[in-house]
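Q: I am new to this structure and would like a close look at a single part of it. Could you take me through how two of its helices pack together?

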Amino acid sequence: MRKEDKAILIENIKATLANYSAVYLTETTTLNAEKTTALRRAAFKADVKLMVVKNSLLHKAMEESDVDYSGLYGALAGSTTLMLSNTGNAPAKLIKSFRQKKETIPALKAAFVEESVYMGEEQLEVLANIKSKNELIADVVALLQSPAKNVVSALQSGGSKLHGILETLSNKEE
């Protein structure tokens, strides 16, 4: 491959990395064509981009990127498939769901999520349990609504008690 072609590929990889906040490095070499197609379909449904890249080109693209991916350099060995997403836990959930079909592949090499590096297969469960931005926003909204709901509930129950007391007092006077 010519140097100019490599430079173009590196720029394309760098631009792709810039569009996603979660970067997963996985191993998918032992998948046959049928299983690879199934993985690609599942990734498309989960809004995860799959890319098979050459390690040296990915390394150069990561070095030129504005983000510090240096923690992932150690995982750039063997065949590498990138799983990219803007939802931090989507690729981990995809890997777990694919494995429920008795697959050991894709194997997680490393991940870069929310400016943190996760190395090794044992981090898959941790990554799958990371809450996405939308899930965190929903939790905050629920927490903010909870006190207001308690106040409204207390006022409604207090109003019925007050109404009962007033009704009892008015019946006594008769």
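A: What follows is a description of one helix pair, with a short look at a further helix afterwards. The model is a predicted one, and in it helix α1, residues 3–18, packs against helix α3, residues 55–64, at an angle of about 60°, while the two axes lie 8 Å apart. Because of that angle, α1 counts as oblique to α3, and the crossing of the two helices is right-handed. On the α1 side the contact is formed by Lys6, Leu9, Ile10, Glu11, Ile13, Lys14 and Leu17, and on the α3 side by Leu57, Leu58, Lys60, Ala61, Met62 and Glu64. Sorted by character, the residues of this contact comprise 8 nonpolar and 5 charged ones, with no polar residue among them.

Turning to helix α2, a side-chain oxygen of Asn32 comes to within 3.2 Å of the backbone nitrogen of Glu34 at the start of that helix, and just after α2 Asp47 adopts a positive phi of about 60°.

Technical notes
Residues are numbered from 1 along each chain as its sequence is written. This is a predicted model: local features need pLDDT of at least 70, side-chain atom pairs count only at pLDDT 80 or more; totals for chains, interfaces and linings use all residues. Side-chain values use heavy atoms; hydrogens and water are left out. Axes are lines fitted to C-alpha atoms, for helices over the stretch in contact, and angles run from 0 to 180 degrees between N-to-C directions. Helices (H or I, at least four residues) and strands (E, at least two) are DSSP runs, numbered from the N terminus. Angles under 35 degrees count as roughly parallel, over 145 as roughly antiparallel, 65 to 115 as roughly perpendicular and the rest as oblique. A crossing is left-handed if the near helix is turned anticlockwise from the far one by less than a right angle, and right-handed if clockwise. Contact means heavy atoms within 4.5 Å. Ala, Val, Leu, Ile, Met, Phe, Trp, Tyr, Cys and Pro count as nonpolar, Asp, Glu, Lys and Arg as charged, and the others, Gly among them, as polar. A polar contact is a pair of N or O atoms within 3.5 Å; within protein, one must be able to donate a hydrogen and the other to accept it, and residues adjacent in sequence count only if both atoms are side-chain atoms.
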